[in-house]
Amino acid sequence: MKEEDIRRRINPLFPDAVLHIYGQDCSFELQVISEAFAGQRPLKRQQTILGLFKDDLQSGTLHPLSVKAFTPSEKAALGDGLVRLTL
Amino acid sequence: MKTTDQIRQQIKEHTVILYMKGTPAEPKCGFSAKAVAAMSSTGFDFAYVDVLASPRIKEALPEVSDFPTFPQLFINAEIIGGSDIIEAMLASGELMSMLKETTITQ
């Protein structure tokens, strides 16, 4: 899978989303920042995003796919540009 | 019994159950290893299913939980989430209080 494929999958449902995609081939880490997550628990957020890739996750085309979903204000509260590298 | 029914029975019979790749002693994926480490640090017992040893369950579980990746933690027959969520809930103390509550009502 390519970054573009991931964007194309997420855009229709989250047109406002800021997407950060790290990784290649079958292994990706996504950060999805959208107002649509407001009021949603982390589980619900992950179910929605991961659900878009259900078949790829089942078949192994994607593994692993790690998703972090924030609202813009949550993302802003995380820090002042300092990014902890987890890859 | 249908596999989805078998899973529903498992999560009903075991208050705390982790569906993972490998076993707690020998996790076969970094995310399952993280989940086991978080759960073990609580000191509470939990049941587990090695989905690699049971492809049938691995295939059917996402249908029950509406969650397509592994590991998956269930408490009181309710999907809690995967390793990210388990670790976040451990850090916030939410996991501990949920487990304490669960054992009281058992």
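**Exercise 1.** State which residue follows H4(B) and what sign its phi has, then work out where the buried residues of this helix lie around its axis.

*Solution.* H4(B) is followed by B:Gly93, whose phi is positive, near 90°. The model is a predicted one, in which local features need pLDDT of at least 70, side-chain atom pairs count only at pLDDT 80 or more, and totals for chains, interfaces and linings use all residues. Residues are numbered from 1 along each chain as its sequence is written, while chains are lettered from A and ligands numbered from 1 in the order in which they are written.

Helices (H or I, at least four residues) and strands (E, at least two) are DSSP runs, numbered from the N terminus. A residue counts as buried if 20 or more other C-beta atoms, placed from the backbone, lie within 10 Å of its own, as exposed if 12 or fewer do, and as partly exposed in between. By this test, the buried residues of H4 (residues 83-92) of chain B are B:Ser83, B:Ile85, B:Ile86 and B:Met89. Seen down the helix axis, these residues fall within an arc of 165° and therefore line one face of H4(B); the arc is that of the directions from the helix axis to the C-beta atoms. The face turned away from the buried side carries the exposed residues B:Ala91 and B:Ser92.

**Exercise 2.** Work out how many helices and strands chain B has, and in which order its sheet strands lie.

*Solution.* Chain B comes to five helices and four strands, which run α-β-α-β-α-β-β-α-α from the N terminus on. The four strands form an open sheet with mixed pairing, in the order E2-E1-E3-E4 of chain B, where two strands pair if DSSP finds at least two bridges between them. The edge strands of this sheet are E2 and E4 (78-81) of chain B, each of which pairs on one side only. E3(B) and E4(B) pair in the antiparallel sense over three bridges, and B:Glu78 in E4(B) is the bridge partner of B:Ile75.

**Exercise 3.** Determine which residues have the most contacts inside the largest nonpolar core, and what B:Leu18 is in contact with.

*Solution.* A nonpolar core is a set of buried Ala, Val, Leu, Ile, Met, Phe, Trp, Tyr and Cys residues joined through C-beta atoms within 7 Å. The largest has 27 residues, and those with the most contacts inside it are B:Leu18, B:Tyr19, B:Met20, B:Ala35, B:Leu73 and B:Ile86. Among the elements that give two or more residues to this core are H1 (3-13), E1 (16-20) and H5 (94-105) of chain B. Two residues are in contact if their C-beta atoms, placed from the backbone, lie within 7 Å; leaving aside neighbours within four places in sequence, B:Leu18 is in contact with B:Ala35, B:Met39, B:Phe46, B:Tyr48, B:Pro71 and B:Leu73. A second, separate core of 17 residues includes A:Leu30, A:Ile49, A:Leu62 and A:Val67.

**Exercise 4.** Find how many residues each chain brings to the contact between A and B, and which element of chain A gives the most.

*Solution.* Chain A brings twelve residues and chain B eleven residues. On the side of chain A that touches chain B, H2 (42-51), H3 (54-59) and E3 (65-70) of chain A each supply at least two residues, with H2(A) giving the most, six residues.

**Exercise 5.** Describe how E1(A) and E2(A) are joined.

*Solution.* E1 (residues 18-24) and E2 (residues 27-33) of chain A run antiparallel, joined by seven bridges, and A:Gln24 stands opposite A:Ser27 in E2(A). Their hairpin has two residues between the strands, and A:Asp25 takes a positive phi near 55° in it.
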